[in-house]
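Here is a walk through a two-chain complex, taken piece by piece. Have the viewer open and follow along.

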Amino acid sequence: MKVSILQFPGTNCEYDTQHAFESLGAHTEIIWHKSETIPSDTDLLVVAGGFSYGDYLRSGAIAKFSPVMKAVSAYAKEGGKILGICNGFQVLTEAGLLPGALKRNEHLHFISKHHHLRVQSNENVFLQKLNNGDIVNIPIAHHDGNYYIDDAGLSELKANGQILLTYCDESGNEKNPNGSVESIAGVCNKEKNIFGLMPHPERAMELILGSDDGVKMLQGFLK
Amino acid sequence: MKAIVNVSLKAGVLDSQGKAVHHALDSLHFNGVEDVRVGKQIVLKLNENDKEKAMADVTKMCEELLANTVIEDYEIELV
């Protein structure tokens, strides 16, 4: 199992992501954004979190033009699996690989805390180790995590089971930290090979650090 | 020639910053404000003299980079 992790100037979660996947037994490689190719043995491509290009203009807006992104689009078209975490999710929406957009949090604060999430759809490789309705506790750390999609787009997400995770309280009741449409925390594309979420499963790998609920999420990709 | 690009959230997309500014104006007793929208202005200095060509170029820039048309509208003024 080979996980390639993208690194842009300003990415800061690439080593956490590497550590998380290696602890699950995967081989990893960090790919600098100037690379025009991604390793041919890649089983999963992760667009890691951070602040690519300092979030200038909009989060993820500049990163989408990095040289590596052409290879990312080609990889996506061939059905390659891609996971975008936090800023990675923003990059994938900016690049048009995932629907919707991430706006400034409704109350304008940067939010950094553990938050519960409810699994909405496990009929995909990412969440296959979890059950629908499961509640996981995963850290969030973002300023622009307010997911927006128009009504037509939302209906399409629902019809295709593309809503992966929503924010909730510990009992599973809807609880919206950032103003996201329908408290959406993560979505996938229609073909279910591209996944994006604002929370950080790679920061929830060990109980001693507050939660190991990220293990079951990332394990979904392992083979 | 200069192009002034104003980018703002689309009508119907909640503008939290606009709301916060509106609230702040209210608390300063500026009561005559009905609505506030916060956007950004991008000023481009162009080496193009043909207005039509410039407008076409800047429109393309807006569509590809300067605005995210999922949530934002843009207006271009050439001066």
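Let's start with helix H1 of chain B: at 1.5 Å a residue, its 12 residues should span 16 Å, and the end C-alpha atoms are 17 Å apart, which agrees. Bear in mind that this is a predicted model. Just after H1(B) comes B:His29, with a positive phi near 70°. H1(B) covers residues 16–27 and has the lowest mean pLDDT among the elements of chain B, at 95, while strand S3 (residues 72–78) of chain B has the highest, at 98. For chain B, the mean pLDDT is 96, and 100% of the residues reach 70 or more.

**The other helix in chain B**

How far apart are the end C-alpha atoms of helix H2 (residues 51–66) of chain B? They are only 19 Å apart, although the helix has 16 residues and a straight one would reach 22 Å at 1.5 Å a residue. H2(B) has a covered side made of B:Val58, B:Cys62 and B:Leu66, its buried residues. Seen down the helix axis, these buried residues fall within an arc of 50°, so they line one face of H2(B). There is a general reason to expect such a pattern: an α-helix has 3.6 residues a turn, so residues three or four places apart point the same way.

What do the buried residues of H2(B) pack against? Their partners are strand S1 (2–9), strand S2 (39–45) and S3 of chain B. Flip to the face turned away from the buried side of H2(B), and you'll find the exposed residues B:Glu52, B:Lys53, B:Ala56, B:Lys60, B:Glu63 and B:Glu64.

**Strands in chain A**

Over in chain A, strand S1 (residues 2–7) is mostly covered, with five of its six residues buried. The pairings involving S1(A), and the one between S3(A) and S4(A), are set out below.

| Strand pair | Sense | Bridges | 
|---|---|---|
| S1(A) and S2(A) | parallel | six bridges |
| S1(A) and S3(A) | parallel | four bridges |
| S3(A) and S4(A) | parallel | four bridges |

Some individual partners help you find your way around. A:Gln7 has A:Trp32 in S2(A) as its bridge partner, and A:Ser4 is matched with A:Leu45 in S3(A). A:Leu45 also stands opposite A:Ile82 in S4(A). Which way do the side chains of S3(A) go? A:Leu44 and A:Val46 point one way and A:Leu45 and A:Val47 the other, and all are buried.

A:Ile31 sits in strand S2 (residues 27–32) of chain A. With 20 C-beta neighbours inside 10 Å, A:Ile31 counts as buried. Leaving out residues up to four places away in sequence, A:Ile31 touches A:Ser4, A:Ile5, A:Leu6, A:Gln7, A:Ile38 and A:Val68. Its C-alpha atom is separated by 9.6 Å from that of A:Glu14, 17 residues apart along the chain.

**Two loop residues with positive phi**

Two residues in chain A are worth a click for their backbone angles. A:Leu57 is not a glycine, yet has a positive phi of about 70°. A:Leu57 belongs to the loop between strand S3 (44–47) and helix H2 (68–77) of chain A. A:Cys86 is not a glycine either, and has a positive phi of about 60°. The loop that holds A:Cys86 runs between strand S4 (81–85) and helix H3 (87–94) of chain A.

Buried or partly exposed: which is A:Leu57? It counts as partly exposed, with 17 C-beta neighbours inside 10 Å. A:Cys86, on the other hand, is buried, with 30 other C-beta atoms within 10 Å.

**A distant part of the chain comes back**

A:Phe221 lies in the segment after helix H5 (214–219) of chain A. It is buried, with 21 other C-beta atoms within 10 Å. Not counting residues up to four places away in sequence, A:Phe221 touches A:Leu44, A:Lys81, A:Val125 and A:Phe126. A:Phe221 and A:Phe126 are 95 residues apart along the chain, but their C-alpha atoms are separated by 5.9 Å.

**Where the chains meet**

Finally, the contact between the two chains takes 11 residues from chain A and eight residues from chain B. The side of chain A that touches chain B has four nonpolar, two polar and five charged residues. For the complex, the predictor gives an ipTM of 0.87 and a pTM of 0.94.

Terms used: Residues numbered from 1 in each chain as written. Chains lettered and ligands numbered in written order. Predicted model: local features only at pLDDT ≥ 70, side-chain atom pairs only at ≥ 80, totals over all residues. Contact = placed C-beta atoms within 7 Å. Nonpolar A, V, L, I, M, F, W, Y, C, P; charged D, E, K, R; others polar. pLDDT = per-residue confidence, 0-100. Expected span 1.5 Å × (residues − 1). Buried ≥ 20, exposed ≤ 12 C-beta atoms within 10 Å, placed from the backbone. Arc of directions from axis to C-beta. Pairing = 2+ DSSP bridges.
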